[in-house]
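Me: Got a minute to go through this one with me? I'd like the overall picture before we get into single residues.

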Amino acid sequence: MKFTKTLLVAALLVTGAIHASAETLTFEGFSSMSSVPNGYGGLNWSNFSVNSPTSTSGYLNGIVSGTSVAYNSWANPASISSTTAFTLNSGFFTGAWNDGLTIHVTGTGASNYSADILVNTASPTNYVFNWTGLTAVNFSSSGGTPAGYSGSGTHFAMDNLTINVAAVPEPETYALLLAGLGIIGAAARRRKSA
C-alpha cells in the first residue's frame, strides 16, 4: 500500500511537470494600429494588428472584452504559427465593414483543417474550432456587402481567441520531473530489496 502511495505521488509530480496552458487572447495592452507582437500568447503573428475603435463600425461591435480587437491589416491574409504544437479552441469574429463577409480559416500541423465563417458587422460570431496539433493557422477574408460605415474592405475583427500552447518547461519543472522519476526509482529499488 505504501508503494502504491509513493508511486501515485511521483506520478503526480511527473504529470504536473508537463502540461499545456489554456489562454484567452484579448489583444489588450497594445497601442492601437500596432502589429500584434510575436510571442503574444506564445505564437508568431503575421499581418495582424490591434484596433481600439472609438467610432461605430464592425471593429467596435466586435469587442467581446476590453477595448481592443485584432484585425487583418489591409484586409490581407494573416496567420498565427508556432514551432510548438498548439490547439485553436475558439474565437469571436466580426466583419469590420461588410455584412456577409466570409473568413476562410485553414490549420496545418499533425492534421489539416479548414472552415468558412460567415460574419456580419452588427455583432461577433463565436466559432468553436477545437483544432489540435497545429503549427500554423491562416486567415483570409472575402465577399460581403458594405454595411454603410465610413470605411470599406474585407477586414475582419477578432477577439477572445482561445488557444492551448504546450508549456515550455522551466528549470524548476525539470527539477520536479527528475524528483518524480527519482522517487519512482527509489521506491522500485526498495520494493525489489524487500
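Reply: Sure. One term before we count anything: helices (H or I, at least four residues) and strands (E, at least two) are DSSP runs, numbered from the N terminus. Also keep in mind that this is a predicted model.

Me: OK, how many helices and strands are there in the protein chain?

Reply: The protein chain has three helices and 11 strands. Starting at the N terminus, the order is α-β-β-β-α-β-β-β-β-β-β-β-β-α.

Me: And what's the mean pLDDT of the chain?

Reply: The mean pLDDT is 86, with 75% of the residues at 70 or more. Watch residues 6-18, though: pLDDT stays under 50 there, and the model has 15 contacts for that stretch beyond four places in sequence. Where pLDDT is low, the predicted coordinates should not be read in detail.

Me: Noted. How much of the chain counts as buried?

Reply: 37% of the 194 residues. The accessible surface is about 9800 Å², and carbon and sulfur atoms hold 57% of that. As for contacts with a separation of 6 or more, 73% are between residues 24 or more positions apart.

Me: Let's talk core. Which residues touch the most other members of the largest nonpolar core?

Reply: W45, F48, F93, F139, M158 and L161, out of 30 residues in that core. Two or more residues come from each of β3 (48-51), β5 (78-95), β7 (101-109), β8 (113-119), β9 (125-142) and β11 (156-166). There's also a second, separate core of six residues, with Y59, V69, Y71 and A96 among them.

Me: What does F48 touch, beyond four places in sequence?

Reply: Quite a list, including V36, Y71, I80, F139, F156 and M158. Its contacts also include some serines, namely S35, S73 and S79.

Me: Which way do the β3 residues point?

Reply: F48 and V50 go one way, S49 and N51 the other, and all of them are buried. β3 pairs with β4 (residues 69-72) in the antiparallel sense, over four bridges. In that pairing, V50 has A70 as its bridge partner.

Me: Switching topic: N160. Buried or exposed?

Reply: Buried, because its relative accessibility is 13% and the cut-off for buried is under 20%. N160 is in strand β11.

Me: What does the N160 side chain make a polar contact with?

Reply: The side chain of S65, at 2.7 Å. Leaving out residues up to four places away in sequence, N160 also touches T24, L25, T26, F27, V64, S90, G91 and F92.

Me: Now T84. Where is it, and why does it count as partly exposed?

Reply: T84 is in strand β5. It counts as partly exposed because its relative accessibility is 29%, and that class lies between 20% and 50%. Beyond four places in sequence, T84 touches L134 and A166. The C-alpha atoms of T84 and T135 are 6.7 Å apart, though the two residues are 51 residues apart along the chain.

Me: Last one: where does G39 sit?

Reply: In the loop between β1 (20-25) and β2 (44-46). G39 has 48% relative accessibility, so it counts as partly exposed. C-alpha to C-alpha, G39 and S82 are 9.2 Å apart, with their positions 43 residues apart in sequence as the separation.

Notes. Residues numbered from 1 in each chain as written. Predicted model: local features only at pLDDT ≥ 70, side-chain atom pairs only at ≥ 80, totals over all residues. Heavy atoms only, no water. Core = buried A, V, L, I, M, F, W, Y, C linked by side-chain atoms within 4.5 Å. Buried < 20%, exposed > 50% of the residue type's maximum accessible area, 1.4 Å probe, protein only. Contact = heavy atoms within 4.5 Å. Pairing = 2+ DSSP bridges. Polar contact = N/O pair within 3.5 Å; in protein donor to acceptor, adjacent residues only side chain to side chain. pLDDT = per-residue confidence, 0-100. Areas by Shrake-Rupley, 256 points an atom, 1.4 Å probe, with all protein chains shown as cover.
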